[in-house]
Amino acid sequence: MSSDPILRLEGIVKRFGNFTALHAIDLDISEGEFLTIVGPSGSGKSTLIRLLVGMDDLTEGEIRLRGKRIDQTPANKRPTCMVFQSLALFPHMTVGQNIEFPLRIRGVAPEQRKIRALELLDLLHLPRSYHEKGVTQCSGGERQRVALARALAFDPEILFFDEPLSALDYRLRKALEKELKDLHNRTGKTFVYITHSLEEAMVMSDRIAIMKEGRFVQIAVADEIYSRPVNRFVAEFMGEVNLFDVEGVDGGVFRAPEMEIHVNGGGGDFGLSLAPGETGTLVVRPEFMRFLPSGETADFILSGILHAEYALGSRIQYEVEISGGEMVTVEKLREDRFTGALGDTVVLGFDLEAVHLIREAGHEKH
Amino acid sequence: MKSIDHKLGFLNALPLTLVLGVSFLMPLLVIAGFSVMPQKVFSLLHLPDFSSFAVILKQGYYKSLLWSLGMAAAATVILFVICWPLAYGMAKVFGRFSLVLTIAVVMTLFVSENIRLFGWSLTLMKGGLFEGHMRAWFGVGFDGLLYNVPIIIFGLVYVYFPFMLFPLAQGISMVPDDARQAATDLGATRLQVLRHIDLPLAAPGIMVGSLLTFVLAAGAAAESKILGGQAVIVIADDVETAFTFGQNWPLGAALSLILILIIGAIAVYGISKVDLDAIMGRKGR
């Protein structure tokens, strides 16, 4: 992905009256990548995708497709296409007519259209007999595939997705996420996907861009976003997390209230340095928290009272109330289940490798 | 359970079925009975006789039928073209202004059709509002705009405007915005979106509006009388004359029957082509 980007966004601004929905967005999208833009509702991700496909005009900035400006090109002249949240299938047409629509618009002969439609039905694991089926008679998952097939029939340079899986039930969604990733691998097309579900993003994407209030907060591969979030927003958005306020003290060591720190035997520089007086946030994922049997130690130690236990299927989640009333979340695989009773006093520990430091103080308690 | 539902449904439908049977079907049967009476005879004791239908052919009554159907068709087409953009605006663009427009259009229905047509007559006649002003201000006089076929069609268009506008707006409002956007996104031009998305998806509204205007216009007499003078005789005029002035009930009945059959056939064909439940809102998609 070192070559020139297929799509380049430069300083994209979108205002609705006095409200600025997008603040100078810059983004390069590489050919063939699966990029997911994730953000809570109202973060501007839908606005952005509407600009990219040409359904809205941008206020400022440039969109370049392979170096050519397309931001003034009307939607029907852009070589991109989108799978809608509602799918936007044409209810009065059969599955075949839906898939063939972009070809029909281009004046492709009926026989060739049909050949292509049948190929796409195969590609999306739909029976060929569906060509004649009314699109309203299809199930949710089938409609999803029809919408995909129709978009692929258009043969777009970039395929955009506006949360197309959000209306489906959990199991079907999980299956289609994998199918979509598989489809991406097989077609080699550039996919740009927006969603509010981080899980969806993690399963499918090469890169994830996290959006908040009309700006990108972090753009990186999934692993990096998960283990090295740039701020508290990203850390919390990426699922369950424990955040501890810390403050730098003399000698490059920092102090966390209610926490014993035993790194390198309890002192000295251990790589996570904060200047004296500087504040930050320590990020620890619940799966890196351990219950410490007596006699064992860890780099960081906390004690508290076991408050609650939740079964999450393959994992068990525990909530431990530490002094100050804050809750710490711990997750264990089912086979490593902790055998304490609720109300017991427990000691928690985690090690330096599991820790990520954000140089941003905690304004909000989670 | 199911059989109780069925019985209840039947019982609920019964009163209206009876009312319709008596008030709608009976007159039709009476008309049909009259139409096969011998000419100029009033007797219920006779064999069916189709002489009235022969008279219609021989004496050229079919011409007025053709005029009626032709002008109704023209008015329907013109109304569709005029109302489409307006209905589109009402359904998708105007927002609250649609309500104002709806009220304005409905208000015209509060005044009797004849009075409104006489208003147009006064406006368009020689020495009327329009020609009189033209003569007074610019010195160009002309013969007035009444008493021809186009003005009758204008009258039909004017009178039946709401009957096209509202069903059309209803039909267009059923076209999902995202389908239109998706079609554009997939490369369709505005014209292609109109042809492949808007028209087929608004078809129930188009059909209802067209049938209403066509059926009403085909049976209309006031426009041709008031605005058209004697330029052409329409079928409704002939029916009225036959029943009243002519006292030839079999002829009037035969003319009515032919009109009813033609219009009925068109209506049944049209309705069979679209999903009326969609516009009536019974079937949720």
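Colleague: Which residue stands opposite Ile261(A) in β16(A)?
Modeller: Phe300(A) stands opposite Ile261(A). This is a predicted model.

Colleague: What makes β13 and β16 of chain A a pair?
Modeller: The cut-off is at least two bridges between two strands. β13(A), residues 260-261, and β16(A), residues 300-312, have two bridges, so they pair. They do so in the antiparallel sense.

Colleague: How do you know that β16(A) pairs with β19 of chain A?
Modeller: Six bridges join β16(A) to β19(A), residues 345-350. At least two are needed, so this is a pair. The two strands run antiparallel. Within it, Ile305(A) stands opposite Thr345(A).

Colleague: What joins β16(A) to β17 of chain A?
Modeller: Eight bridges do, and the strands run antiparallel. β17(A) covers residues 315-322. Ile305(A) appears here too, opposite Glu321(A). β16(A) and β17(A) form a hairpin with two residues between them. In the turn, Gly313(A) has a positive phi of about 85°.

Colleague: On to charges. Why is the contact of Glu163(A) and Lys45(A) called a salt bridge?
Modeller: The N to O distance is 3.6 Å. The limit is 4 Å between a side-chain nitrogen of Lys or Arg and a carboxyl oxygen of Asp or Glu, so the pair qualifies. Glu163(A) lies in the loop between β7 and α5 of chain A, and Lys45(A) lies in helix α1(A), so the bridge ties together parts 118 residues apart in sequence. Both Glu163(A) and Lys45(A) are buried.

Colleague: What makes Asp182(A) and Arg186(A) a salt bridge?
Modeller: Their N to O distance is 3.2 Å. That is within 4 Å, so they count. Both sit in helix α5(A), four residues apart, and about one helical turn separates them.

Colleague: How do you know whether Asp182(A) is buried, exposed or partly exposed?
Modeller: Its relative accessible area is 34%. Buried means under 20% and exposed over 50%, so a value in between is partly exposed. Arg186(A), at 41%, is partly exposed as well.

Colleague: Which residue forms a salt bridge with Asp245(A)?
Modeller: Arg232(A) does, with the closest N and O atoms 3.3 Å apart. This pair links distant parts of the chain. Asp245(A) is in strand β11(A), Arg232(A) is in helix α8(A), and 13 residues separate them.

Colleague: Why is Arg232(A) called buried or exposed?
Modeller: Arg232(A) has 4% relative accessibility. That is under 20%, so it is buried. Asp245(A) has 27%, which makes it partly exposed.

Colleague: How many salt bridges are there over all chains?
Modeller: A search of the whole structure finds 31. Some are linked: Glu62(A), Arg64(A), Arg69(A) and Asp71(A) form a network.

Colleague: Now the second largest pocket. Which residues lie nearest its centre?
Modeller: Tyr88(B), Arg180(B), Thr184(B), Arg190(B) and Val193(B) do, out of 25 lining residues. α3, α8 and α9 of chain B each give two or more residues to the lining. α9(B) gives the most, with five. The space in this pocket is about 670 Å³.

Colleague: How do the residues of the lining divide?
Modeller: Nine are nonpolar, seven polar and nine charged. Arg counts as charged, and Arg180(B) and Arg190(B) are among the lining residues nearest the centre. Val and Tyr count as nonpolar, and Val193(B) and Tyr88(B) are there too.

Methods: Residues are numbered from 1 along each chain as its sequence is written. Chains are lettered from A and ligands numbered from 1 in the order in which they are written. This is a predicted model: local features need pLDDT of at least 70, side-chain atom pairs count only at pLDDT 80 or more; totals for chains, interfaces and linings use all residues. Side-chain values use heavy atoms; hydrogens and water are left out. On a 1 Å grid over the protein atoms alone, a cavity is a set of points where a 1.4 Å probe fits but cannot get out, and a pocket is an open set with protein on both sides within 12 Å along at least five of seven lines; lining residues have an atom within 4 Å of a point. Grid points are joined across faces, edges and corners, and a volume is the space filled by probe spheres set on the points. Buried means under 20% relative accessible area, exposed over 50%, partly exposed in between (1.4 Å probe, protein chains only).
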